[in-house]
Each structure stands twice: as C-alpha cells, then as structure tokens.
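Please look over the chain shown below before reading on. The paragraphs that follow lead through its parts one after another.

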Amino acid sequence: MLSNYLISKFVKNYHDTANKKVRDAYGYLGGLVGIILNLILFATKLIIGIISNSIAITADAFNNLSDVASSVITILGFKLASKPADKEHPFGHGRLEYISGLIVSFIVILVGFEFIKTSFDKIIHPSKVIFTLIPFLLILVSIGVKIWISKFNKVMGKAINSSALEASSTDALSDVVSSSCVALSLLLSIWIDFPLDGYIGILVSLIIIYAGYSLIRKTMNPLLGEAPDMELVKGIQSKLLSFDHITGCHDLVIHNYGPGRCMGSIHAEVPCDISIVKIHEIIDKAEKDISDEFSLYLVIHMDPINTTDKEVNSTRLELLSILKFFSIIKSIHDFRIVGEGDHKNLIFDVVIDFNPKFSQSDELKLEDDINKALKKSYPYYNAVMTIDRDYIGV
C-alpha cells in the first residue's frame, strides 16, 4: 500500500506515534504530499477548463489551489503547535493545530462562495462547453488521485489522532464528489445544449461550501470543549480501579489542550480506615502510571468511604432500592451518614444524565421527591444531596 510505504519511508520511528517529533513528521508529510499533488491537479484542471471552456472545471481547479493553501496552513499548524510551553501558555500550544484546521475550513467556504458568483455569470452569459476525450480522462484520473489523498490523510489522521489531517481527508472526499459532478457535466455536453455547466458549477460550489461548514464544526468542537473520547474515559477508570484499595471512581473531568496534551482529574473512593500514608503512596503511583500510559497529566482526589459500618452499608442499600424508581438517576457516590439519634442526614451525590433542559428548579423538585419517598420508610432520615451531571456519558 502506497500510504504505508510513504509513511515508513519518510517518518522515522513511525510506530511511536506518542512521540511529538514523530507526530509532527506525520503532519509535515501529509501537508507536503497535499501541496505537490494539488498543484499538479490545479495546473491540469486549469488547462482543461480553458481548453474546454468549462467554468465547472475551472472552479474545480481553483478548489484544488485552495487545497494547496490548506496544506501549507496544515504544515504551519503542526509547526506552531509543537512549540514548547511558556509562561503565557503553561500547557503548550497544541490547540494551534485545531486553529489551523479552522482556517482551512474558512478558506474552503470562501472558494465555494466565489465560484457560486462565477457560475451564476456562466448561466446568465452561457457559452458552449467543448467535450474532448483527453480532458475528460484527466478529470477521471484526478478523481482517483483525490480518493487516494483522502485515504492517505485518513490513515495518518487515525494513526496520530489528528483532527487537522482527518479534516483534510474529508475535504479531499468532497473534492471527489465535486470532480465527479464536473465529469458528468462534461460528458452530458455531448448531447445537451442547455447551459448545464453553470448549474453544475453551482452544485460543485455548494458541495465545497458544505464541506467547509462540516470542517468548521469538526475543528470547533475541541476548541469549545467537547466530551472526551469514550475509550480514554473507560481506560482511565479501568486502570484506576485495578489499584489496591480503590473501590470506586467518579467525577472524571478531562481538559484538552491539543493532541497529546490533556489534563484530567478524578475522584477515587478509598476505605476511610486505611493509613493516610499508605493510600497516598497508592494514589501517587496511580497518578504516575495512568498519566504515562494515557499521555496526560492526571490529578486524583481521595474520597474516604466507610465500608465497615453496618448502618451505613444497610442504609445505602435501602437508599439505592428507593432510587430505582427515579429513572433519571444513574448512580450515587460519596454516601455518608451525619448526625445522631432520631435525626440523621444522608449525604450523597446523585449522578444524572446531562440534559440542558433539566433546570435548577427541576433539581430542587427531584431532591424534594427523593426526600418524600425516603421518609415514607425512614421518617427520621433527611436526604442532603448534590446533583452531578454526567458530562462523559458513561
């Protein structure tokens, strides 16, 4: 496979994708290949467009020229994102890779709007498209090249988890669609005198604009703060629970400062009667091992849990049986009993699915409903709860 050959030929230690230098080499290779091939496609299509008098082909040619600019920006994005952390940016400059992808997206949209104007002019002032076999075959070849570029960028994007390269793959795939429309327009010109070229040009332009819009959405997500990858979340939780004396975990939060530059925090439930020194050593080791394995900086907060008190254990089970009737509740944590005699508070956190429509008044009603259900069986207990939103969907 040509993609694997190029990667193995030009990326030293290409299997070590966690290495920043290797990751940058992937980005530079993707950008360079994009520049070379898109320049060839631009020159070829521009000549074909002039010879055949086709505005659709010319529009497609300049779309390839914008792809050259996109590849240059991709290279610059990787270069700037690899700058080390400084005083103003203590977590590095990794998000510049996302910003470079955003710039590429706007360039794609700008090209699309420009050629809508040109295509409208072609409809108003039509001229006959001249079909010739060689230009038509060259368009088919360019479609094949774009399919390969899309697959090449997708392979590299997945290898290093790069949204910029995956966006380039999507962009190339949209070019396949637009070039296919151009080829169809050129072929139909043999039998149709209707100024189909201008309309196909508009269709191509709309495809380009939609591709740009899709790329903006994809590159904006990590900048705005998207939910973490589920495999990463489950991996961190599973690894943490494998350590001795850690019986549960919750409240995992991950902040993305660029590919390979994540910071996370999580709460670990530990027995309340264990030595602080001993559990501190375990937590320190867990932080280091998980950070190294998943290439992030993890901070673990300890939550002491009473696992030996009979009243606490039995009351917790009774509370869980009551909460089964509240379908919105996914789980509880940090359960403890405070108070003495006939008046005791059950303090715990309730986890519910993330729902932006679930307001503060809904939270108060949920708390009131739980207290009413609890007091039917346990009139001396009062539930004091904190409602947590599940932002990661686990």
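**A walk through the predicted model**

Strands β5 and β6 run parallel and are joined by 10 bridges. One of the residue pairings between them sets isoleucine 352 against arginine 389, its bridge partner in β6. This is a predicted model, and the mean pLDDT of the chain is 83, with 97% of the residues reaching 70 or more. Confidence is lowest in helix α6 (residues 163-188), where the mean is 77, and highest in helix α9 (residues 276-294), where the mean is 93.

The pairing of β5 and β6 belongs to an open sheet of 3 strands, which follow the order β4-β5-β6 with mixed pairing. Because β4 (329-340) and β6 (381-390) stand at the edges and each has a single partner strand, one side of each is left without a neighbour in the sheet. From one strand to the next, the twist averages 15 degrees. On the β4 side, the pairing with strand β5 (residues 343-353) is antiparallel and extends over 9 bridges, and here isoleucine 332 has valine 350 in β5 as its bridge partner. Strands of a sheet pair through backbone hydrogen bonds, in either the parallel or the antiparallel sense.

Is the edge strand β6 mostly covered or mostly uncovered? It is mostly covered, since 7 of the 10 residues of β6 are buried. Two helices lie across the strands of this sheet: helix α10 (residues 310-323) lies across β4, β5 and β6 and runs at about 140 degrees to β4, while helix α11 (residues 360-377) also lies across β4, β5 and β6, running at about 140 degrees to β6. Leucine 320 is found in helix α10, and at 28% relative accessibility this leucine counts as partly exposed.

From leucine 320 the reader can step to another part of the chain, for its C-alpha atom is separated by 21 Å from that of isoleucine 246, a residue 74 places away along the chain. Isoleucine 246 is among the residues with the most contacts inside the largest nonpolar core, together with Ile236, Leu240, Ile266 and Ile300, and this core has 22 residues. The elements that give two or more residues to this core are α8 (230-241), β1 (248-256), β2 (262-271), α9 and β3 (296-305). Its largest share, 5 residues, comes from α9. When neighbours within four places in sequence are left aside, isoleucine 236 is in contact with Leu252, Ile254, Ile266, Ile290, Phe294, Leu296 and Leu298. Apart from this core lies another one, of 21 residues, and among them are Phe326, Phe335, Leu346 and Met385.

Between α9 and β3, two of the elements that contribute to the largest core, there is a loop that holds serine 295. This serine has a positive phi of about 55 degrees although it is not a glycine, and with a relative accessible area of 38% it is partly exposed. A positive phi of about 55 degrees is also found at asparagine 13, which is not a glycine either. Asparagine 13 lies in the loop between α1 (2-10) and α2, and at 52% relative accessibility it counts as exposed.

The aromatic rings offer a further way to read the model, and a search of the whole structure finds 5 aromatic pairs. One of them is formed by phenylalanine 42 and phenylalanine 62, an edge-to-face pair with 5.4 Å centre to centre and 70 degrees between the planes. Phenylalanine 42 lies in helix α2 (residues 20-52) and phenylalanine 62 in helix α3 (residues 55-81), so the pair ties together parts that are 20 residues apart in sequence. Phenylalanine 42, at 15% relative accessibility, counts as buried, whereas phenylalanine 62 is partly exposed, with a relative accessible area of 32%. Another pair, formed by tyrosine 210 and tyrosine 213, is tilted, with 6.5 Å centre to centre and 45 degrees between the planes. Because these two tyrosines are 3 residues apart in helix α7 (residues 196-224), they are separated by about one helical turn. Tyrosine 210 is exposed, with a relative accessible area of 55%, while tyrosine 213 is partly exposed, with 43%.

Notes. Residues are numbered from 1 along each chain as its sequence is written. This is a predicted model: local features need pLDDT of at least 70, side-chain atom pairs count only at pLDDT 80 or more; totals for chains, interfaces and linings use all residues. Side-chain values use heavy atoms; hydrogens and water are left out. pLDDT is the predictor's confidence in each residue, from 0 to 100. Helices (H or I, at least four residues) and strands (E, at least two) are DSSP runs, numbered from the N terminus. A nonpolar core is a set of buried Ala, Val, Leu, Ile, Met, Phe, Trp, Tyr and Cys residues joined through side-chain atoms within 4.5 Å. Buried means under 20% relative accessible area, exposed over 50%, partly exposed in between (1.4 Å probe, protein chains only). Contact means heavy atoms within 4.5 Å. Two strands pair if DSSP finds at least two bridges between them. Axes are lines fitted to C-alpha atoms, for helices over the stretch in contact, and angles run from 0 to 180 degrees between N-to-C directions. Rings of Phe, Tyr and Trp (its six-membered ring) pair if their centres lie within 6.5 Å; planes under 30 degrees apart count as stacked, over 60 as edge-to-face and the rest as tilted.
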